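Please open the structure in your viewer and keep the sequence panel beside it, since each stop on this tour begins with a selection. The stops can be taken in order, with a pause at each one to look around.

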Amino acid sequence: MVIIMKENATEENIRNVCEYVRKFNLSTHVVNGAERSIIGVIGNVEVLEDKPISSMEGVYDVVRISSPYKLVSRSAKPDNTVVRVKDVDIGGNFVMMAGPCAVESYEQMIEAAKAVKKSGAKVLRGGAYKPRSSPYSFQGLEEEGLKILNAVGRETGMVTITEIVSSSHIEKVSQYADILQVGSRNMQNFELLKEIGKSKMPVLLKRGLSSTIEEWLNAAEYIMKEGNPNVILCERGIRTFETYTRNTLDLNAVAAVKNLSHLPVIVDPSHGTGRRDLIAPLSRAAVAVGADGLIIEVHPHPDMALSDGAQSLTPEEFDKVSKEVNKILLALKD
């Protein structure tokens, strides 16, 4: 259930409604929109059916939501959510995120960062902890990688994003990075999601390898239920019977989620295809279908990369993609 407040509702009105609802052992979550506030009510809301909530001061309407994800639903918040990280708005303007799959050295990261920033990227990606299918593959530089990412981010003035693999790492990673990334393998690591929700850190939640849209949105619900509204969704391809590409980039999901949820949606064509030659056309398609941004793997020397070199663009290739994306964005504005 969501309780939609009037445009002129005061903080006291909102507080009174929340206190009233909690008397019935229900939890509340306030979402402040551009024009009005909405109170999400979670629990056995049937107990409120005969209660005079709609007549309380400041209340505009009371709406039952049938979907399993309440706070993530567009019914709970009709306006698009904009996640502000430093001076970057994600969900407002189209945002390019780029950088190597893994942090390998300071020299590698500063070269990549300067290149992608010059081409329009606002967010620098780089993995310090790398969950890999094989235990013998490069696992990342861990805290040393975080320090390098942080130093390069500060030097270039870029927002930074890195993957979080354990709830025990949240405090440490939050000291160095601006956005936490939950990878596909951890999309349903519910204890991790809960702790990230409590941290209030901006988080990019990647879709699971074989997850449905509903499962993906429910994972976001775990984070928001703990009080963290700073959730960014990321479509990164799903596993199908096709073997030509690493994954199948599901752009259907981008359009669908934009209808179902108010959260921003980023597309990852690098993991979505696993092929360098397909990143540009899928990036163009992602823009056309309504994505709020792209996250692309870019390495100064892909052939020497310790992780995912085959799906990493060179800085020159990324620059070309960025220019093509800008042309499509301009065309869509007309």
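What follows is a walk through helix packing, two strand residues, two loop residues and the cysteines.

The model is a predicted one, and this should be kept in mind at every stop.

**Helices H9 and H10**

Begin by selecting helix H9, residues 276-289, together with helix H10, residues 315-333, whose axes come within 9 Å and cross at roughly 20 degrees. Because angles under 35 degrees count as roughly parallel, H9 is described as roughly parallel to H10. The crossing in which H9 passes H10 is right-handed. Now show the side chains: on H9 the contact is made by Arg276, Ala280, Ser283, Arg284, Val287 and Ala288, and on H10 by Glu317, Val321, Glu324, Val325, Ile328, Leu329 and Leu332. Sorted by class, the residues of this contact are 8 nonpolar, 1 polar and 4 charged.

**Helices H7 and H9**

Keep H9 selected and add helix H7, residues 251-260; the axes of H7 and H9 come within 9 Å and cross at roughly 20 degrees. H7 is therefore roughly parallel to H9, and H7 passes H9 in a right-handed crossing. Which residues make this contact? From H7 they are Leu251, Val254 and Ala255, while H9 supplies Leu282, Ala285, Ala286 and Val289. The contact of H7 with H9 consists of 7 nonpolar residues, with no polar and no charged ones.

**Val231 and Lys200**

Next select Val231, which belongs to strand E12, residues 231-235. Is Val231 buried or exposed? Val231 counts as buried, because its relative accessible area is 0%. Setting aside neighbours within four places in sequence, the contacts of Val231 are Val83, Val203, Ala220, Ile223, Met224, Leu263 and Pro264.

From Val231, move to Lys200: the two residues are 31 apart along the chain, and their C-alpha atoms are separated by 9.3 Å. Lys200 sits in the loop between helix H5 (190-199) and strand E11 (203-206), and is partly exposed, with a relative accessible area of 41%. The backbone deserves a look here, for Lys200 has a positive phi of about 70 degrees although it is not a glycine. Most residues other than glycine have a negative phi.

**Asp308**

For another positive phi, select Asp308, where the angle is about 55 degrees and the residue is again not a glycine. Asp308 lies in the loop between strand E14 (293-297) and H10. With a relative accessible area of 19%, Asp308 is classed as buried, because that class covers values under 20%.

**Thr160**

Now select Thr160 in strand E9, residues 159-163. Thr160 is buried, its relative accessible area being 2%. If residues up to four places away in sequence are not counted, Thr160 touches Val123, Leu124, Leu149, Gly153, Tyr176, Ala177, Asp178 and Ile179.

**The cysteines**

Finish with the cysteines, and ask how many disulfides the structure holds. The number of disulfides is 0. Cys101 is accordingly in no disulfide, and the nearest cysteine sulfur, that of Cys234, is 13 Å away. Since a disulfide requires a pair of cysteine sulfur atoms within 2.5 Å, that separation does not qualify. Cys101 is buried, with a relative accessible area of 2%, and Cys18, with a relative accessible area of 4%, is buried too.

Notes: Residues numbered from 1 in each chain as written. Predicted model: local features only at pLDDT ≥ 70, side-chain atom pairs only at ≥ 80, totals over all residues. Heavy atoms only, no water. Buried < 20%, exposed > 50% of the residue type's maximum accessible area, 1.4 Å probe, protein only. Helix = DSSP H or I, 4+ residues; strand = E, 2+ residues; numbered from the N terminus. Contact = heavy atoms within 4.5 Å. Axes fitted to C-alpha atoms, helices over the stretch in contact; angles between N-to-C directions. Parallel < 35°, antiparallel > 145°, perpendicular 65-115°, else oblique. Left-handed = near helix turned anticlockwise from the far one by under 90°. Nonpolar A, V, L, I, M, F, W, Y, C, P; charged D, E, K, R; others polar.
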